[in-house]
Amino acid sequence: MEVNCEGCAGCCMDWRSLLEEHGSAPQDDGEGGETDHRHRQRDDPFTGGEGERPSREPLDDDTNFVALTRDEVRGFLEAGMGEVLTPRFWAAREEDDGVDVDGHTLAAVAGRPAFFVGLRKPPKPVAPFGLAEPVWLPTCVFLDPTTLQCRIHGDERFPDECGAYPEHNLALEGTTECERVEATVGGERLLDADHDDPEGLLLGSQAIGAKLFCHPQPAELEGIVGRAAAGELTRDDRAEPVAIAAASSPGTLAISDHHYERARERMLGDADGDASFEGDNERSSWVGPAIRDWQRRFRDADGTVPSPAVADAVETDRGAPETPGWDALE
């Protein structure tokens, strides 16, 4: 497998708003063309990966949600980066197939609402695909807007799902973002689709407790689910499912009370140190203040879009790792 990522990052942002300029990407025609993969933009974690279209829709609208494993969730919490984490819930296939919370019938396992935990996408000014001017797009918290490179690529916290992309999509006969970008704006992104047998897919029952988490007390999610569907999750909202994920046990529905309390404390404590930008707190992280700064700048932009270079002030000056640029990788 070989991909051309320079100037793209289509898998790291929600770029659907750009389709109005370029027109919608063609649908798969099933005739065996170069992009003849089933459209599985939102893979259903409850299936065994036989290639059927997902039957459960997520409550959120993130088209490129990166599902983290339990150990990855714990790693971000231990690093003081709990604010990058956010849950994803799904609607049940049938009303009698799920659990009702906040007017939504949630997909569940053994009566427990099921969810992923992934990375947040604050609005950032970016210019992917050779755009002449930047635009505001929901963009992965770790993507450097200036180089369109990941700030934690090669780091121990770099998610397995990101490192394998788009191998898992190809293994599931799913359309990749590489192909969508090619079909929409041209260029060559997926250079070689041949791939080895993928590892770490964690589909079906093997995902439980490892990547697919199950909340044992649905009542604790009241209010949280409604705000998740509205895109209005608060820090306290995210803390509950993230703590359950960190306390889960792969292959079982068991929850560790000790790990739950520790994770919840970490999740809420990380965000309390907004002033940690000055370095008072050794566990401080740049991510929380940067996310809030991006959100504020977007609200106050009044239709204007700053240069991606503003990321130096928003992220780099707060301690974000710098990216090498593409010339350094040649």
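1. The second largest cavity of this predicted model has a volume of about 40 Å³. A search of the whole structure finds 2 cavities of 30 Å³ or more. The walls of the second largest cavity are formed by Ile208, Gly209, Leu212, Phe213, Cys214, Ser248, Ser249, Thr252, Leu253, Ala254 and Ile255. By character, this lining comprises 7 nonpolar residues, 4 polar residues and no charged residues.

2. Two residues of that lining, Phe213 and Cys214, are also those of strand 11 (residues 213-214). Strand 11 pairs with strand 5 in the antiparallel sense, over 2 bridges. Within this pairing, cysteine 214 of strand 11 stands opposite alanine 114. Ile208, another residue of the cavity lining, belongs to a second, separate nonpolar core of 11 residues, which also includes Val109, Ala114 and Phe116.

3. Strand 5 deserves separate comment. Is strand 5 (residues 112-119) largely enclosed or largely open? Of its 8 residues, 7 are buried, so strand 5 is largely enclosed by the rest of the structure. The cut-off behind this statement is a relative accessible area under 20%. In a regular strand, side chains alternate between the two faces of the sheet.

4. The other partners of strand 5 are as follows. Strand 2 (residues 85-89) runs antiparallel to strand 5 and is joined to it by 5 bridges; here leucine 85 stands opposite leucine 119 of strand 5. Strand 4 (residues 104-109) is likewise antiparallel to strand 5, with 2 bridges, and alanine 108 has proline 113 of strand 5 as its bridge partner. The hairpin of strand 4 and strand 5 has 2 residues between the strands, and in this hairpin alanine 110 takes a positive phi near 55 degrees.

5. The largest nonpolar core has 61 residues, and those with the most contacts inside it are Val73, Phe76, Val84, Leu85 and Phe142. Helix 7 (residues 235-246) gives the most to this core, with 6 residues. Leu85, which has been mentioned for its place opposite leucine 119, is thus among the residues with the most contacts in the core. For valine 84, the contacts beyond four places in sequence are Phe76, Gly118, Leu119, Arg120, Val141, Phe142 and Val287.

6. The second largest pocket should be distinguished from the cavity discussed above. About 830 Å³ of space lies in this pocket. Of its 29 lining residues, Thr86, Arg120, Lys121, Gly231 and Glu232 are the closest to the centre. The elements that give two or more residues to the lining are strand 2, strand 7 (135-138), helix 6 (224-230), helix 7 and helix 9 (287-300). Which element provides the largest share of the lining? Helix 9 does, with 4 residues. In composition, the pocket lining divides into 14 nonpolar, 3 polar and 12 charged residues, whereas the lining of the second largest cavity has no charged residues.

7. A cis peptide bond joins tyrosine 165 and proline 166, with omega about 0 degrees. Proline 166 is placed in the loop between helix 3 (160-164) and helix 4. Both residues of this bond are touched by threonine 176, along with Asn169, Leu170 and Leu190, when residues up to four places away in sequence are not counted. Threonine 176 itself lies in the loop between helix 4 (167-171) and helix 5 (177-185). Is threonine 176 buried or exposed? Its relative accessibility is 0%, and it therefore counts as buried.

8. Two further loop residues merit inspection of their backbone. Aspartate 102 has a positive phi of about 55 degrees although it is not a glycine; this residue lies in the loop between strand 3 (98-101) and strand 4. With 33% relative accessibility, aspartate 102 counts as partly exposed. Phenylalanine 129, also not a glycine, has a positive phi of about 60 degrees. The loop between strand 6 (123-126) and strand 7 holds phenylalanine 129, and at 15% relative accessibility phenylalanine 129 counts as buried.

9. On the overall architecture, the protein has 10 helices and 11 strands. Of its 330 residues, 48% count as buried. Among contacts with a separation of 6 or more, 71% are accounted for by residues 24 or more positions apart.

Note on methods: Residues are numbered from 1 along each chain as its sequence is written. This is a predicted model: local features need pLDDT of at least 70, side-chain atom pairs count only at pLDDT 80 or more; totals for chains, interfaces and linings use all residues. Side-chain values use heavy atoms; hydrogens and water are left out. A nonpolar core is a set of buried Ala, Val, Leu, Ile, Met, Phe, Trp, Tyr and Cys residues joined through side-chain atoms within 4.5 Å. Buried means under 20% relative accessible area, exposed over 50%, partly exposed in between (1.4 Å probe, protein chains only). Contact means heavy atoms within 4.5 Å. Two strands pair if DSSP finds at least two bridges between them. On a 1 Å grid over the protein atoms alone, a cavity is a set of points where a 1.4 Å probe fits but cannot get out, and a pocket is an open set with protein on both sides within 12 Å along at least five of seven lines; lining residues have an atom within 4 Å of a point. Grid points are joined across faces, edges and corners, and a volume is the space filled by probe spheres set on the points. Ala, Val, Leu, Ile, Met, Phe, Trp, Tyr, Cys and Pro count as nonpolar, Asp, Glu, Lys and Arg as charged, and the others, Gly among them, as polar.
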